[in-house]
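Colleague: I would like to learn how to read a model like this one. Could we start with how two helices pack?

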Amino acid sequence: MSFSISDILAARRLIRDKADATPLVPSPYMASVAGQDFLLKLEIAQPIGAFKLRGALNAVMNLPRGVPGVVCASTGNHGRGVAWAAKAQGLRAVVCMSALVPQVKVAAIRALGAEVRIAGQSQDAAQAEVDRLVAAEGLAEIPPFDNPFVIAGQGTIGLEILEARPDVETLLVPLSGGGLAAGVALAAKSCNPSVKVIGVSMDRGAAMYASLAAGRPVEVDEVASLADSLGGGIGLHNAYSFRLCQRYLDGAVRVTEEEIRDAMQALYYEDRIVAEGASVVGLAAVLSGKVNLTACAATIITGRNLDMAQFTRIVAGQDVRLGDRVVQGKMYGT
Ligand SMILES: *Cc1c(COP(=O)(O)O)cnc(C)c1O
């Protein structure tokens with residue numbers, strides 16, 4: 001496997017006119033807690049409300065000529081990114097999902113111009129439909145994280161942060177399949193080799209965290225989380241993102257559902273920003289004292305595509321049900 005900063009620079013040239021260079025803004029509240037400058041990279045400002053469009057665009061724009069369209073099985077931000085990228089390139093996009101996916105998610109993908117294919121009652125059935133469309137119709141599958149073009153696209157965020165603020169010492173990156181963390185870490189370290197990059201996941205169901213600890217890709221049980229965009233496995237045959245995270249991350253930490261709740265509230269009440277649970281894990285790591293900062297730090301506010309009914313409960317201090325457990329409500333600041 002060869003993957004280097006030149007892949008990320010190439011991605012930047014390719015996607016520059018389509019994916020936005022997002023704002024990097026100070027958080028005075030986080031700075032007061034940390035005692036250091038603290039910056040927020042607002043990927044919520046992308047046209048799809050999340051960073052995934054960077055990787056999807058780079059992957060779609062690197063397809064060989066003549067591919068009749070693209071396909072994926074994601075119902076979340078990756079599905080939105082693929083739909084948006086395909087439309088921008090005038091390509092057909094098919095997003096496969098199970099019959100259990102809520103109607104709002106189906107509508108969001110359709111609104112971006114993709115075809116939705118409902119297949120079976122599980123994520124596995126949706127993936128089987130992807131495999132069938134690849135074989136039968138020659139569509140190209142765009143994977144959510146374990147793909148060099150996807151990783152390079154996400155890595156452009158690291159370039160933007162370090163070029164704007166070369167004094168960033170610690171980067172806190174939400175960590176799921178690791179495409180974001182791998183690309184950002186490689187990019188940031190090529191700008192400044194001494195920058196520390198820490199991956200942050202939720203404390204239950206974090207496959208990359210468990211895999212890094214085990215030294216090889218492992219499976220974990222999926223658990224409902226406020227950081228739902230961080231769920232899912234990394235693949236037992238992971239080819240890129242696991243090794244890159246192993247090599248370039250300086251650490252990985254986990255935060256609890258209560259810490260995610262507190263960070264969503266803090267970002268909302270202090271910085272007036274609405275963001276997904278997955279977006280605030282970097283803030284949660286600092287607010288909970290799990291990461292100590294000694295100089296300027298930054299985190300990526302990765303997306304804002306959340307369930308607004310759940311969000312309004314969280315900021316109103318009400319209980320939230322997650323599968324078989326309840327995250328207790330708590331008024332902000334009490
Ligand atoms: C996908 C996603 C992540 C994690 O990215 P990976 O490359 O899978 O580690 C974080 N936050 C949001 C909002 C996402 O959609």
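Modeller: This is a predicted model. Take helix α11 (residues 257–271) and helix α13 (residues 308–315): their axes come within 9 Å and cross at roughly 85°.

Colleague: How are α11 and α13 oriented to each other?

Modeller: Angles of 65 to 115 degrees count as roughly perpendicular, and α11 and α13 therefore fall in that class.

Colleague: Which residues of α11 and α13 meet?

Modeller: From α11 come Arg261, Met264, Gln265, Tyr268 and Tyr269, and from α13 come Phe311, Ile314 and Val315. By class, this contact of α11 with α13 has 6 nonpolar residues, 1 polar and 1 charged.

Colleague: Where is Glu259 placed?

Modeller: Glu259 also belongs to helix α11. Its side chain reaches the backbone nitrogen of Thr256 at 2.9 Å. Leaving out residues up to four places away in sequence, Glu259 touches Ala284, Ser288 and Lys290.

Colleague: Now the ligand. How many residues surround it, and which are the closest?

Modeller: The ligand is surrounded by 16 residues, with Lys52, Asn77, Ser176, Gly178 and Thr302 the closest. For polar pairs, look at which atoms face each other. One ligand oxygen atom lies 2.9 Å from a polar backbone atom of Ser176, and an oxygen atom of the ligand is 3.0 Å from a polar backbone atom of Gly179. With Thr302 the side chain takes part: an N or O atom there is 2.8 Å from a nitrogen atom of the ligand.

Colleague: Where is confidence lowest and where is it highest?

Modeller: As a general rule, predicted coordinates should not be read in detail where pLDDT is low. Here the protein chain has a mean pLDDT of 96, and 100% of its residues reach 70 or more. Helix α5 (residues 103–111) has the lowest confidence, at a mean of 90, and strand β10 (residues 297–301) the highest, at 99.

Conventions. Residues are numbered from 1 along each chain as its sequence is written. This is a predicted model: local features need pLDDT of at least 70, side-chain atom pairs count only at pLDDT 80 or more; totals for chains, interfaces and linings use all residues. Side-chain values use heavy atoms; hydrogens and water are left out. pLDDT is the predictor's confidence in each residue, from 0 to 100. Helices (H or I, at least four residues) and strands (E, at least two) are DSSP runs, numbered from the N terminus. Axes are lines fitted to C-alpha atoms, for helices over the stretch in contact, and angles run from 0 to 180 degrees between N-to-C directions. Angles under 35 degrees count as roughly parallel, over 145 as roughly antiparallel, 65 to 115 as roughly perpendicular and the rest as oblique. Contact means heavy atoms within 4.5 Å. Ala, Val, Leu, Ile, Met, Phe, Trp, Tyr, Cys and Pro count as nonpolar, Asp, Glu, Lys and Arg as charged, and the others, Gly among them, as polar. A residue is near a molecule or strand if one of its heavy atoms lies within 4 Å of it. A polar contact is a pair of N or O atoms within 3.5 Å; within protein, one must be able to donate a hydrogen and the other to accept it, and residues adjacent in sequence count only if both atoms are side-chain atoms.
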